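Please walk through this model with the sequence beside you. The route goes from single residues out to the domains and back.

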Amino acid sequence: MNPRLQALQPYPFARLRAAMQDIDAPAGLPPVPLHIGEPKHPTPAVITDALQAALPQLAVYPLSAGLPELRAACAAFLQRRYGIGVDADSEILPVLGSREALFSFVQTVIDGSTDPKPVVLSPNPFYQIYEGAALLAGADIEFADCPAPAFKPDWQSVPETVWQRTRLVFVCSPNNPSGSVLQREDWAELFALQDRYGFIIAADECYSEIYFDGEPPVGCLQAAVEQGRGLRGLVSFTSLSKRSNAPGLRSGFVAGDAALLKDFLLYRTYHGSAMSVPVQLASIAAWNDEAHAAENRRLYWEKFERVLPVLAQAFEVSRPDASFYIWLRIPDGDDLAFAQTLWREAAIQVLPGRFLAHDTTRGNPGRGYVRIALVAPLADCVAAAETMVAVWQRQQAENQA
């Protein structure tokens, strides 16, 4: 057995199940799942029709590099969305969703046998895959906390000794769980650190298409090209799960440094990560269509417009820059107790922020927050918000009695 498996930490949802195992929700109340970021809007017909029409292609072995037409569609999306041109043959690689690619990419670029031991640097709170990928590659995982109110990584808090060992930095923008977005000056700060220490930047951008006002979020590759840097040492990850309400399609792509993607393709050829041809053809249809993505944004915008005024009756809350999450601060700081109370009294599931973050010398930056995923139907989201307010106000009245 690989001894590194013993270093893996419980997934946040496993920790949530353990925390709720002795708590019963009210009998007869259906659960309202706002704890997991699984899109629930219908998958658009442009995707399902293309998938169904392509089913005869299940008889064909797919190539790890994907169809040229898919890589071209991904490159065209980057051109429309970010105004950047990439080589579809060498700077695009289709993957089975961003989660699989984030994990396997680390295995490609990290050599855990070196001395000193390499470091993978992650934001904190963070997506659990970052840590698991680093540990199984034989690296140490270190964290840059994302403190309020900006909820962006505090790179200045990372010690010099850590930077000197850092080989890969994960960035998540738009951020999970806070919805914060790195601006051009934030990317410039990180690029300057990259120039100094020589690490690779892996930009997780799977929430990039769920935004609301003004200019869309700036992407890693976009910021680099605008600053005249090119794509060396940069790789971005995106998928159709959130943009196109197709989490079960397991389809995304990686774009960036051609040399890194060449090695990544070699790894994937042996790993067996080729996307089936029907999924590729459905993905082409998805990346070529912007109408369904715009409608998806409108649906989330409507949820935020309806839910935030309700929550504001009891909590300090504002709309995130992007994503479909509300990173809600609990005034008394006990995120776990609040989540347990919501389940016990109303069958509402939210995720305690402490489960999304690691304890550091500065504390746990997720403690005192809960993550609310606005993925349920609009009416359910509004009703859940009303219940959260009522539960909190009742608790406060009881404490003051």
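Is Thr341 buried or exposed? The model is a predicted one, and in it Thr341 has a relative accessibility of 8%. Buried means under 20%. Thr341 therefore counts as buried. Its place is helix α13, which spans residues 335–346. Set aside the neighbours within four places in sequence, and Thr341 is in contact with Ala346, Val391 and Gln395.

Now widen the view to the domains. The domain assignment splits the protein chain into two parts. Domain 1 takes residues 8–42 and 292–400. Domain 2 takes residues 45–289. In the contact between them, 34 residues come from domain 1 and 41 residues from domain 2. The domain centres, taken over C-alpha atoms, are 27 Å apart.

The UniProt record draws a boundary of its own. Its unreviewed entry places the feature "domain: Aminotransferase class I/classII large" at residues 32–373. Over that range the chain is 39% helix and 16% strand. The C-alpha atoms at the two ends of the range are 11 Å apart.

Next, Gln194. This residue sits in helix α7, residues 184–197. Buried or exposed? Gln194 is buried, because its relative accessible area is 6%, and the cut-off for buried is under 20%. Beyond the neighbours within four places in sequence, the contacts of Gln194 are Phe199, Ile200, Ile201, Arg229, Arg232, Gly233 and Leu234. Take Gly233 from that list. Gln194 and Gly233 are 39 residues apart in sequence, yet their C-alpha atoms are 8.5 Å apart in space.

Gln313 is another glutamine to find. Look in the loop between α12 (291–311) and β9 (325–329). Gln313 has 54% relative accessibility, so it counts as exposed; the cut-off is over 50%. Which residues does Gln313 contact, leaving aside neighbours within four places in sequence? They are Val389 and Gln393. Gln313 and Gln393 lie 80 residues apart in sequence and 9.4 Å apart in space, C-alpha to C-alpha.

Finish at the start of the chain. Leu5 lies in the segment before α1 (12–20). Its relative accessible area is 35%, so Leu5 is partly exposed. That class falls between the 20% and 50% cut-offs. Leu5 joins Met1 and Leu8 in a nonpolar surface patch of about 330 Å².

Terms used:
Residues are numbered from 1 along each chain as its sequence is written. This is a predicted model: local features need pLDDT of at least 70, side-chain atom pairs count only at pLDDT 80 or more; totals for chains, interfaces and linings use all residues. Side-chain values use heavy atoms; hydrogens and water are left out. Helices (H or I, at least four residues) and strands (E, at least two) are DSSP runs, numbered from the N terminus. Buried means under 20% relative accessible area, exposed over 50%, partly exposed in between (1.4 Å probe, protein chains only). Contact means heavy atoms within 4.5 Å. UniProt positions are given in the numbering used here, feature names are shortened, and annotations may be inferred rather than shown by experiment. Patches are made of residues with over 30% relative accessible area and no salt bridge: like charges are joined within 9 Å, nonpolar side chains (Val, Leu, Ile, Met, Phe, Trp, Tyr) within 5 Å. Accessible areas come from the Shrake-Rupley method with a 1.4 Å probe; for residues, only the protein chains shown count as cover. A salt bridge is a side-chain nitrogen of Lys or Arg within 4 Å of a carboxyl oxygen of Asp or Glu. Domain bounds come from an automatic or database domain assignment.
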